[in-house]
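User: Please take a close look at the nonpolar interior of this model and at the helix packing around it. I would like one connected account.

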Amino acid sequence: MRAKKFDVFPYLLLLPAILMMLAVNLTPIAQGFYMSLLKLNQFTLGQYLDAPFVGLENYRRVLFEDHSPIRAGLGLALRNTALYTLCVSVLSVAIGLGVAVLSNRDFAGKGIARTLLLLPWIVPSYVVGTLWGFMWQRDVGIINVVLVDWLHLLDEKPFWLLGSNSFFAIVIPTVWRAWPVMMLIFLAALQAIPEDQYEAATLDGVSKWKQFFHITVPLLKPVIVIQFMFQVIDNVYSYNIVSMMFGNGAGHPGDWADLLMPMLTRQSFSYWLFGQGAAVSFIMMVLMLIFVAVWMKSFKRSMTADE
């Protein structure tokens, strides 16, 4: 039997796109890593990539040197980012899935309702941060007006942008903007589930709740896992909403709202420690790559076990 001839033409057609993707993705990564090995500060910024080479010194300083300005707020930023990422990711996926199931039903004005539900996602994140920053204001913010003056749920107007309240002040707007796109993705996935499975379950007397947990959730598990992973990645690198809510990127969010990216940007530009900032950025990238690898391996193992 004659061996099948290898056709190189399709690969030649893909080659320009592959080279472009490698250039667009690998070049900034390589440049960022090289910057983390340089003494790049206010004195050497003009030299840029020709700045003095210091090897792993920047990594040592941000990880082990107590007097490093970037390391000073790293612990709180890590704690806040971990809690923020967990809360936003879980709530966004859960709300998006719930609304997708509800909007998948037949009702009058379904198309208009779905369009309106997408509006929070359409609003740019910078605008979301600015608007919610005004809404959280103590005296004139609409949230305190509604909670205290209209509904009388609280006796006095709290400071939402100070102390531990500031954590909820950044979580709620992020969830508000994130869940509509989750809804859209889950809605598309729900369309692929055969309707006869629900019809058979209904004939057998299975309740809607049991149908949701025993039919909908298992069949949507691959989508849920992937979207949760994307949410974690997005929220770890979250910047726009927090930076705009607290002084248009110039203010300090406090001990409960300072996330990794706003802290890293503020400290790097305040102290001109761009080499150390690049080191932290590269560490974050490596940690996220490890998370994605472990997450996907665990997911594949669980899918194999289910089969």
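Analyst:
**The nonpolar cores and their surroundings**

In this predicted model, the largest nonpolar core has 35 residues, and Phe186 and Leu220 are those with the most contacts inside it. The elements that give two or more residues to this core are helix H4 (74-103), H9, helix H10 (195-203), H11, helix H13 (260-271) and helix H14 (274-306). Of these, H9 gives the most, with eight residues. Leaving aside residues up to four places away in sequence, Leu220 touches Leu97, Ala189, Leu190 and Ile193. Apart from this core there is a second, separate one of 19 residues, which includes Trp132, Phe167, Phe246 and Ala257. As a general background, nonpolar side chains in soluble globular proteins tend to be buried together.

Trp132 also takes part in a helix-helix contact, that of H7 with H9. Two packed helices are described by the angle between their axes and the distance between the axes. Helix H7 (residues 125-135) packs on helix H9 (residues 165-191) at an angle of about 140°, and their axes are 10 Å apart. H7 is therefore oblique to H9, since only angles over 145 degrees count as roughly antiparallel. The crossing in which H7 passes H9 is right-handed. On the H7 side the contact is made by Ser125, Val128 and Trp132, and on the H9 side by Ile172, Pro173, Trp176 and Arg177. Sorted by class, the contact of H7 with H9 has five nonpolar residues, one polar and one charged.

H7 has a further role in the packing, as it is included in what covers the buried residues of H8. In helix H8 (residues 142-150), the buried residues are Ile143, Asn144, Val145 and Val148. His152 follows H8 and has a positive phi, near 55°.

A polar residue in H11 can be added to this picture. Asn235 lies in helix H11 (residues 208-236), one of the elements that give two or more residues to the largest core. With a relative accessible area of 5%, Asn235 is buried, because that value is under the 20% cut-off. Not counting residues up to four places away in sequence, Asn235 touches Tyr84, Thr85, Val88, Ser89 and Thr174.

How values were computed:
Residues numbered from 1 in each chain as written. Predicted model: local features only at pLDDT ≥ 70, side-chain atom pairs only at ≥ 80, totals over all residues. Heavy atoms only, no water. Helix = DSSP H or I, 4+ residues; strand = E, 2+ residues; numbered from the N terminus. Buried < 20%, exposed > 50% of the residue type's maximum accessible area, 1.4 Å probe, protein only. Contact = heavy atoms within 4.5 Å. Axes fitted to C-alpha atoms, helices over the stretch in contact; angles between N-to-C directions. Parallel < 35°, antiparallel > 145°, perpendicular 65-115°, else oblique. Left-handed = near helix turned anticlockwise from the far one by under 90°. Nonpolar A, V, L, I, M, F, W, Y, C, P; charged D, E, K, R; others polar. Core = buried A, V, L, I, M, F, W, Y, C linked by side-chain atoms within 4.5 Å.
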